[in-house]
Amino acid sequence: MAQPAVLVFSKTRSWRHNEGIAGADRFFSEFTTNNKLGLFTTVNAAVFNAEQLARFDLVVFNNMTGDSLSPEQESAFQNWIEDGGALIALHGSGDNSHSDWSWYDTQVIGPQFIGHPADPQFQNARVVNLAAAHPIMQGIPADWIHNDEWYSFDTAKLTGAVPLLGLDEDSYNPQNLVYGDREDLRMGGGPQGHPIAWARCIGKGRSFYSAIGHKHTSYDDPIYRRVLTNAVAWVRADDAQRDGCSK
Ligand SMILES: [Zn+2]
């Protein structure tokens, strides 16, 4: 395996997003080939130990859902990222099915998923750039229309994160007519009140979460590919470039 290397992990013990997993797998396959990085794609959690994690400088939670890691594996990952690792977590990786892993649930993801519209499930919505000066938002338009399954969150635990993308709730129907027990999924407060992607520092490491990416088509979208490419660069930036999460 070429070094540095990327670990793409798509184990699911709750909902399995076959389409989104395939789309992100393809994105990271192309990305690592184009950038001459190593790549290891797996659903086997046994790789989460100190010796194996040391071979990677980026971990991708590709729609990882449910209780996918043992307590020992969770602790190995936490040590790895706090010591300078880098995480990209996608869509279902923030779907509130990880409550068994409290540190990840509350301090890596933070905001708690409360539902997504189910009728229709997929809608066009206006995605708004909330942090034009942030490195991850370089080259990203002020807003654009994207089709996806749109998550809503309780944002109380957004503290410490930098919101990067938000949703215009007037551009789609944020109601939930089938799934879950909360019908009105509006979060209010404009796009700033409905973040769908954010970055944070985790000890000496960095993480980026995006709720975009239920379907494989999201990973073909040039704007979203740019967001992911910028996010990979930002979370992987070496110590000399680390000038704080607010930049
Ligand atoms: Zn989904």
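**Strand pairing, helix H4 and the nonpolar core**

Strand S1 (residues 5-9) and strand S2 (residues 38-42) pair in the parallel sense over 5 bridges, where pairing requires that DSSP finds at least two bridges between the strands. The model is predicted, so local features need pLDDT of at least 70 and side-chain atom pairs count only at pLDDT 80 or more, while totals for chains, interfaces and linings use all residues. Residues are numbered from 1 along each chain as its sequence is written. Helices (H or I, at least four residues) and strands (E, at least two) are DSSP runs, numbered from the N terminus.

**Strands S1 and S2**
- Alanine 5 has glycine 38 in S2 as its bridge partner.
- From S1 the chain crosses through helix H1 (residues 18-34) to S2, and this β-α-β crossover is right-handed, meaning that, with the strands pointing away from the viewer, the path from the first strand over the helix to the second runs clockwise.

**Helix H4**
- In helix H4 (residues 102-109), the buried residues are Tyr104, Val108 and Ile109, buried meaning that 20 or more other C-beta atoms, placed from the backbone, lie within 10 Å of a residue's own.
- Glycine 110 follows H4 and has a positive phi, near 95 degrees.

**Nonpolar core**
- The largest nonpolar core (buried Ala, Val, Leu, Ile, Met, Phe, Trp, Tyr and Cys residues joined through C-beta atoms within 7 Å) has 63 residues, and Leu58 and Leu164 are among those with the most contacts inside it.
- Helix H6 (residues 222-236) contributes the largest share of this core, 7 residues.

Methods
Buried ≥ 20, exposed ≤ 12 C-beta atoms within 10 Å, placed from the backbone.
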